[in-house]
Amino acid sequence: MTTATAPDPRTPLDLVGVGIGPFNLSLAALAHPLTGLTCAFYDQRPAFHWHPGLMIEGATLQVPFLADLVTLADPTNPWSFLNYLRHRERLFPFYFAERFHAPRAEYDAYCRWVSENLPGLHYRHQIDGLRWNAEHAVFEIDHTQLDADGEAEALGRTYARNVALGIGTAPHVPEPLQPLADAPALPVIHSADYLDHRERLLAADHITVIGSGQSGAEVFLDLLRNRPAGHERLHWLARTPAFAPMEYSKLGLEQFTPDHTRYFHGLPEATRDALVPQQWQLYKGIDHDTIAAIHQELYERTVDGGWPDAVLTPGVTVRTAGRIGAHTIELHLEHAHQQTRSRLTTDAVVLATGYRERSLDALTGALAPYLRRDTADRPRIDVHHRLDLDARVTGSVYVQNAERHSHGVGAPDLGLAAWRSAVILNHLTGTTPYPLPDRTAFTTFGLAPQPRTPEQTSGGRRLTHQPPATARPSEDRNAVPRQLPVH
């Protein structure tokens, strides 16, 4: 990969990435060895950080360490997790630790190592607009360079033949709780910001956690461990019918394979929409170790008799919420199966209510005349993970983690990051720098034959490049030159 800027539409980059989360970082890492491929990636944040508010002590990834940025597409790539350990002189300690699931903080450190050493990444750059320039057959990407305080410093424009949108997800706050979450005087906190407010939450007399997924379980366990026995004063509420374990059987996990992704993409739209909610335990469940730890903590608090002052109630929705006085929160609850209603007063709320895909419309508004949508007005996304655009647009806009409606529950899964990046690069180059397997699951999804794999049907513009080079990342972040856009 050649890192450059493109202030002239006559010499555009081959690819510009918008956002530098794990998925676009994976794309940049796999693009790096491809000589002759010109790329640049932009993010408005000052540096890479992955869910810093949920780096709870002891939390681990829910995918094996092999689900790093590159390994499942290219185990020899220099930006692998194992190579990170080698450069940190921690390979033998990791080997003897015998841990298949790395600590969450270590995954964040690994990604930061890549982001600090991989060339072509431009932080403090806010993307302001994306347009198609029909005259030059390129995309125009307007951006604002930010200073250390986040204030505008300079304006710039980059031109590219292709774009990859990896703008990530945003914390979801249910509508009944939005007014309270916006009130600074009340501790109504999304779990994404949990560690920033942990001490304030622990100081509250009564705390309610809402949400049955992994984040909710981790927050509840951390609060439980730090509350006095017999005076825990905790409520844990969830809409799901149970505090259920995540589907982690070997064949169940095959729904996170490329085989299932292709199968899902080929289903009718209505079928896809009905299927995703039925798969909630694939992505909204709790890992077995966390469930066991919660139960063990509760059990140990019964040794001297009595029960902990902790209420765990699934099957509950929050209908409305309000404030009583200056510091008390009132939740109006409804139980789905009993069809009963109740009220709960609490002093603090943690919303472990998940994330939602950020709308692409803010960035792609200028592409609206070219963009094809489904019956629910969502962007249509093809098998190569690119927006379905009018034939007048000869470039491609690829999307990462914005296609669950078209590609299924694997879209936000870290285990498919490297594979999706390889699919994109194979299509973009019109070649197969990353040959991908024809089959990835023992399960045969559906009775009809599986469609041909994307790398077999690549229709992208063929680019001239050499085979992957044996690049070696620098251990000194200052030794890697960073080129900023020409303004």
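**Helix α1 and two open sheets**

In this predicted model, the buried residues of helix α1 are P22, F23, N24, L25, S26, L27, A28, A29, L30 and A31.

Colleague: How many residues of helix α1 are buried?

Modeller: Buried here means under 20% relative accessible area. Helix α1 spans residues 22-31 and is mostly covered. What covers its buried residues includes β2, β3, α4, β4, β8 and α14. The number of buried residues in α1 is ten of ten.

Colleague: Which strands stand at the edges of the sheet β5-β6-β7?

Modeller: The three strands form an open sheet with antiparallel pairing. An edge strand has a single partner, so one side is left without a neighbour in the sheet. The strands in that position are β5 (125-133) and β7 (152-160).

Colleague: Which residue of β7 stands opposite L146?

Modeller: Strand β6 covers residues 138-146 and runs antiparallel to β7. Eight bridges join β6 to β7. Opposite L146 in β7 stands A152.

Colleague: In the five-strand sheet, what is the bridge partner of T208 in β17?

Modeller: This open sheet has the order β10-β17-β11-β12-β13, and its pairing is parallel. Four bridges join β11 (residues 207-210) to β17 (residues 348-351). In β17, T208 has as its bridge partner V349.

Colleague: At what angle does helix α7 run to β12?

Modeller: Helix α7, residues 214-225, lies across β11, β12, β13 and β17. Among these, β13 (310-313) is an edge strand with a single partner. The angle of α7 to β12 (234-237) is about 170°.

Note on methods: Residues numbered from 1 in each chain as written. Predicted model: local features only at pLDDT ≥ 70, side-chain atom pairs only at ≥ 80, totals over all residues. Heavy atoms only, no water. Buried < 20%, exposed > 50% of the residue type's maximum accessible area, 1.4 Å probe, protein only. Helix = DSSP H or I, 4+ residues; strand = E, 2+ residues; numbered from the N terminus. Contact = heavy atoms within 4.5 Å. Pairing = 2+ DSSP bridges. Axes fitted to C-alpha atoms, helices over the stretch in contact; angles between N-to-C directions.
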